[in-house]
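Here is a quick tour of one protein model and the molecule it holds. Keep the viewer open and follow along.

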Amino acid sequence: MRIPLIAANWKLHKDVGEALHFVEELAPRVADVEGTDVVIAPPFTALEPLKGAVAGTPLKLAGQNVSPELQGAFTGEISVQMLLDVGCSYVIVGHSERRTLFGETSELVAQKAAASQQGGLRPIVCVGESLEERAGGRTFAVVGEQVERSLARIEPAQADQLVLAYEPVWAIGTGHNATPEQAQEVHGFIREQLRKSIGEVAGRIRIIYGGSVKPENIFVLMEQPDIDGALVGGASLDPASFFAIIRFDRPPGEATA
Ligand code: PGA
């Protein structure tokens, strides 16, 4: 049984006041949400204030990035221990914006994922193909290689703590989500690849979808057998819209009711 995971990736949005306001609005609504893990990844600056705000609620915190280093002369970096200290239990690693805009390679992502796992922070490892790669029929080759390299340093014995996020680059922030069938095809492929490399634990690893997830499309995505949740950018910035996504079990039309 895989517990669904819905995560908000706020990217470069919300100052401390805005973040606190969001949690004040969301917390009462999620108070009776059971059987779904709900995670918020705010900017680093809002983590410490949100630590207090989410205490006693089902909400969990995530970093949007982390250093592979434990400590030392690494200006601008934030360590696993620092994220734990401000209340994080998850961290996003290898988001496509980090890969394309900040030059992160799968080797670096592997170091970050391993450092997180060793430190007791659950990594949400992102993979996904570009439009050009999909058009060229290379989706499975690209995603397969990203998965293999990004997880190269993961300890299989603790792999059930791991979360994979399949986020086709062409669907992120564009309004064009993958169809449920397109997403399921890749999620199934990823799970099969995990099964081959680390065995039956693959059945317990959550593989979540990201890329223009909205209240209107979450229901059909979550109906797919290998889609275990969502990583939500734009639609996670508003508490009402994020809450409608958390209630993914409502059919379209009912989600925002
Ligand atoms: P989006 O972003 O929901 O705005 O497409 C998703 C993500 O980048 O994680």
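**Around the ligand**

A polar contact here is a pair of N or O atoms within 3.5 Å. Keep in mind that this is a predicted model. With that cut-off in hand, look at Glu167: one of its polar side-chain atoms sits 2.6 Å from an oxygen atom of the ligand. Lys11 also reaches in with its side chain, placing a polar atom 2.7 Å from a ligand oxygen. Gly233 does it with the backbone instead, with an N or O atom 2.8 Å from an oxygen atom of the ligand. As for cover, the ligand on its own has 280 Å² of accessible area, and the protein covers 95% of that.

Which residues come nearest? Of the 13 around the ligand, they are Lys11, His95, Glu167, Gly173 and Ser212. Sorted by class, the shell has 7 polar, 4 nonpolar and 2 charged residues.

**Gln64 and its company**

Next, find Gln64, in the loop that runs between strand S3 (59–63) and helix H3 (80–85). Its side chain has polar atoms facing two backbone oxygens: the one of Ala41 lies 3.1 Å from a polar side-chain atom, and the one of Pro42 lies 3.3 Å from such an atom.

What else does Gln64 touch? Setting aside neighbours within four places in sequence, its contacts are Asn9, Trp10, Lys11, Ala41, Pro42, Pro43, Phe44 and Ile92. Lys11 is worth a second look, as this contact of Gln64 is also among the residues that come nearest to the ligand.

**Where H5 meets H7**

Now for a pair of helices. Two packed helices are described by the angle and the distance between their axes. For helix H5 (residues 106–119) and helix H7 (residues 139–150), the axes come within 8 Å and cross at roughly 45°. That angle is why H5 counts as oblique to H7.

Which residues make the contact? From H5 come Ser106, Glu107, Val109, Ala110 and Ala113, and they meet Gln146, Arg149 and Ser150 of H7. By class, this contact is a mix of 3 nonpolar, 3 polar and 2 charged residues.

Note on methods. Residues numbered from 1 in each chain as written. Predicted model: local features only at pLDDT ≥ 70, side-chain atom pairs only at ≥ 80, totals over all residues. Heavy atoms only, no water. Axes fitted to C-alpha atoms, helices over the stretch in contact; angles between N-to-C directions. Helix = DSSP H or I, 4+ residues; strand = E, 2+ residues; numbered from the N terminus. Parallel < 35°, antiparallel > 145°, perpendicular 65-115°, else oblique. Contact = heavy atoms within 4.5 Å. Nonpolar A, V, L, I, M, F, W, Y, C, P; charged D, E, K, R; others polar. Near = heavy atom within 4 Å. Polar contact = N/O pair within 3.5 Å; in protein donor to acceptor, adjacent residues only side chain to side chain. Areas by Shrake-Rupley, 256 points an atom, 1.4 Å probe, with all protein chains shown as cover.
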